[in-house]
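Please follow the fold with the sequence and the model side by side, beginning with one strand and working outwards to its neighbours and the packing around them.

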Amino acid sequence: MKLCFIASSGGHLAEINQLKEISEEYDSFLITEQNDFDEAHICSRVYHVSKQNRKEVLFLPKFVALWFKSLKLFLKEKPDCIITTGALICYPICCIAKMFHRKVVYIESFARFNTGSLTGKLMYNVADLFIVQSEYLLDIYPKAVYCGCIF
């Protein structure tokens with residue numbers, strides 16, 4: 001089984017890095033944002049995409065470019081499952097994965113204690129398994145699974 005881990009830089013990447021044991025059990029790779037920091041990663045194969053934020057999504061060419069890069073990476077690596085903590089960089093490849101009948105696991109950020117994130121709202125109907133780290137989020141995401149904190 002081949003796993004694709006996806007996380008934007010910062011807190012999302014810190015959370016996905018907590019899944020290192022899982023990444024070591026399978027053929028895995030990571031997709032994350034380009035940044036100025038030399039961060040440790042859970043996988044030896046790392047792909048970088050341009051940084052995205054909500055305001056830049058309105059800049060359509062940059063978001064469209066992310067879709068094309070996501071498709072290229074997906075076709076190159078052919079993962080069986082996507083595991084992501086967000087944020088917006090995960091959405092295109094997760095939608096692509098669903099078109100190819102692959103599994104998608106979304107973990108809502110630990111920073112979200114009682115309100116859902118924009119990415120969570122987008123991923124709720126895309127993910128095969130939607131995990132929350134706060135029991136309060138089960139009211140917002142009734143089909144979610146509460147698994148506690150990954151830290």
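**From a buried strand outwards**

Six of the six residues of strand E4 are buried, meaning under 20% relative accessible area, so E4 is largely enclosed by the rest of the structure. The model is a predicted one, and in it Cys81, Ile83 and Thr85 point one way from E4, while Ile82, Thr84 and Gly86 point the other way, all of them being buried.

E4 has a strand on either side in the order of the sheet, E1 and E5. With E1, E4 pairs in the parallel sense over five bridges, and within this pairing Ile6 has Thr84 of E4 as its bridge partner. Four bridges join E4 to E5, and these two strands also run parallel; here the bridge partner of Ile83 is Val105 in E5. Val105 in turn has Leu129 of E6 as a bridge partner, in a parallel pairing where three bridges join E5 (residues 103-107) to E6 (residues 129-132).

Taken as a whole, the sheet is open and has seven strands, paired in parallel in the order E3-E2-E1-E4-E5-E6-E7. Strand E3 (46-49) and strand E7 (145-146) stand at its edges, each with a single partner strand, so one side of each is left without a neighbour in the sheet. Helix H4 (residues 60-77) packs on the sheet, where it touches E1 (2-7), E2 (27-33) and E3, and its direction makes about 165° with that of E3.

A second helix, H5 (residues 90-99), lies across E1, E2, E4 (81-86) and E5, and runs at about 155° to E4. Together with the strands E4 and E5, helix H5 makes a right-handed β-α-β unit.

What, then, are the residues with the most contacts inside the largest nonpolar core? This core has 29 residues, and those with the most contacts inside it are Ile6, Ile31, Met123 and Phe130. At least two residues of this core come from each of E1, E2, E3, H4, H5, E5 and E6, and H5 gives the most, with six residues. Leaving aside its neighbours within four places in sequence, Ile31 is in contact with Cys4, Phe5, Ile6, Ala7, Tyr47, Val49, Leu73, Ile89 and Ile93. Apart from the largest core lies another, of 14 residues, which includes Ile42, Cys81, Ile107 and Ile131; Cys81 is one of the buried residues of E4 with which this account began.

How values were computed:
Residues numbered from 1 in each chain as written. Predicted model: local features only at pLDDT ≥ 70, side-chain atom pairs only at ≥ 80, totals over all residues. Heavy atoms only, no water. Pairing = 2+ DSSP bridges. Contact = heavy atoms within 4.5 Å. Axes fitted to C-alpha atoms, helices over the stretch in contact; angles between N-to-C directions. Buried < 20%, exposed > 50% of the residue type's maximum accessible area, 1.4 Å probe, protein only. Right-handed = clockwise from strand over helix to strand, strands pointing away. Core = buried A, V, L, I, M, F, W, Y, C linked by side-chain atoms within 4.5 Å.
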